[in-house]
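Thanks for coming. I have one structure to go through today, and I will keep to what can be read from its atoms.

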Amino acid sequence: MLKLLLKWLLYAVALLVTAHVVPGFHLRSMTAALIAVVVIGFLNMTLGLLLKIITFPLSIVTFGLFLLVINAFILKLSGDVAPGFYVATWSAAFIGAVVLALLNLLLRLLLDRDDR
């Protein structure tokens with residue numbers, strides 16, 4: 001349970017870092033980041049999973065790069081739903097998806113090292 005809360009907090013910090021790095025990504029506060037992480041996770045589990053299944057052949061052809069487009073769509077949609085979180089343009093959503101993917105990769109490497 002503690003590890004889940006730590007991951008939630010670290011992903012919210014990653015979202016805040018993304019908001020500071022990517023122009024067009026706006027987060028009002030840490031509370032908004034925590035809510036946005038929950039909304040992004042929920043949309044990824046439901047709509048994101050459906051989109052990834054439907055576009056699986058396209059993802060294979062593009063060597064997985066199309067998944068960034070799906071993640072950008074999820075970010076843009078969650079920016080419309082989550083209070084205090086806003087993504088201005090599609091390019092900001094795409095760049096934010098790339099930055100978040102890199103930050104999530106780093107976080108996974110750091111957090112999964114403890115499990116070994």
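I will take two of the helices, then some single residues, and end at the surface.

A word on the source before the details: this is a predicted model. Please keep that in mind for each value I quote.

Let me start with α4, which covers residues 66-81. This helix has 16 residues, and from its first C-alpha to its last it reaches 23 Å. The expected figure, at 1.5 Å a residue, is 22 Å, so α4 comes close to it. Which residues of α4 are buried? They are L68, I70, A72, I74, L75, K76, S78 and G79. Note that K76 is among them. The cover over these buried residues includes two strands, β1 at 25-27 and β2 at 85-87, along with the helices α2 and α5.

Next is α5, residues 90-112. It has 23 residues, and its first and last C-alpha atoms are 32 Å apart, close to the 33 Å expected at 1.5 Å a residue. The buried residues here are A92, A93, G96, A97, V99, L100, L107 and L111. What covers them includes α1, α4, β1 and β2. So α5 is part of the cover of α4, and α4 is part of the cover of α5.

Now to single residues, beginning with two threonines that are buried. T18 lies in helix α1. Its relative accessible area is 0%, and T18 is therefore counted as buried, the cut-off being under 20%. The side chain of T18 reaches back to the backbone oxygen of A14, at 2.8 Å. Beyond its neighbours within four places in sequence, T18 is in contact with F25, G96, V99, L100 and L103. Of these, G96, V99 and L100 appear among the buried residues of α5 that I listed a moment ago.

The second threonine is T55. Where is T55 found? It sits in the loop between α2, residues 30-54, and α3, residues 56-61. T55 has 16% relative accessibility, and because that is under 20% it counts as buried. Its side chain reaches the backbone oxygen of L51 at 2.7 Å. With neighbours within four places in sequence left aside, T55 is in contact with F66 and I70. I70 is one of the buried residues of α4.

A third threonine, T46, is placed in helix α2. Is T46 buried or exposed, or something in between? At 37% relative accessibility, T46 counts as partly exposed. Between T46 and H26 there are 24 Å, C-alpha to C-alpha, for a separation of 20 residues in sequence.

Also in α2 is L47. At 28% relative accessibility, L47 counts as partly exposed. Its C-alpha is 9.6 Å from that of I70, with their positions 23 residues apart in sequence. Leaving out neighbours within four places in sequence, L47 is in contact with F73, I74 and L77. One of those, I74, is buried in α4.

On α4 itself we have L67. At 31% relative accessibility, this leucine is counted as partly exposed. What does L67 touch, not counting residues up to four places away in sequence? It touches K52 and S59. For a distance across the model, the C-alpha atoms of L67 and L5 are separated by 26 Å, and the two residues are 62 apart along the chain.

One backbone oddity deserves a mention. F63 is not a glycine, yet its phi is positive, at about 55°. F63 is placed in the loop between α3 and α4. Its relative accessibility is 77%, and because the cut-off is over 50%, F63 counts as exposed.

Last, the surface. There is a nonpolar patch formed by M1, L4, L5, W8 and V38, with about 550 Å² of accessible area together. Which helix gives the largest share of this patch? That is α1, residues 2-21, with three residues. M1 belongs to the segment before α1. At 77% relative accessibility, M1 counts as exposed.

To recap, α4 and α5 each have a span close to the expected one. T18 and T55 are both buried, and each has a side chain reaching a backbone oxygen, that of A14 for T18 and that of L51 for T55. That is what I have.

Note on methods
Residues numbered from 1 in each chain as written. Predicted model: local features only at pLDDT ≥ 70, side-chain atom pairs only at ≥ 80, totals over all residues. Heavy atoms only, no water. Helix = DSSP H or I, 4+ residues; strand = E, 2+ residues; numbered from the N terminus. Buried < 20%, exposed > 50% of the residue type's maximum accessible area, 1.4 Å probe, protein only. Polar contact = N/O pair within 3.5 Å; in protein donor to acceptor, adjacent residues only side chain to side chain. Contact = heavy atoms within 4.5 Å. Patch = residues over 30% accessible without salt bridge, like charges linked within 9 Å, V, L, I, M, F, W, Y side chains within 5 Å. Areas by Shrake-Rupley, 256 points an atom, 1.4 Å probe, with all protein chains shown as cover. Salt bridge = Lys/Arg side-chain N within 4 Å of Asp/Glu carboxyl O.
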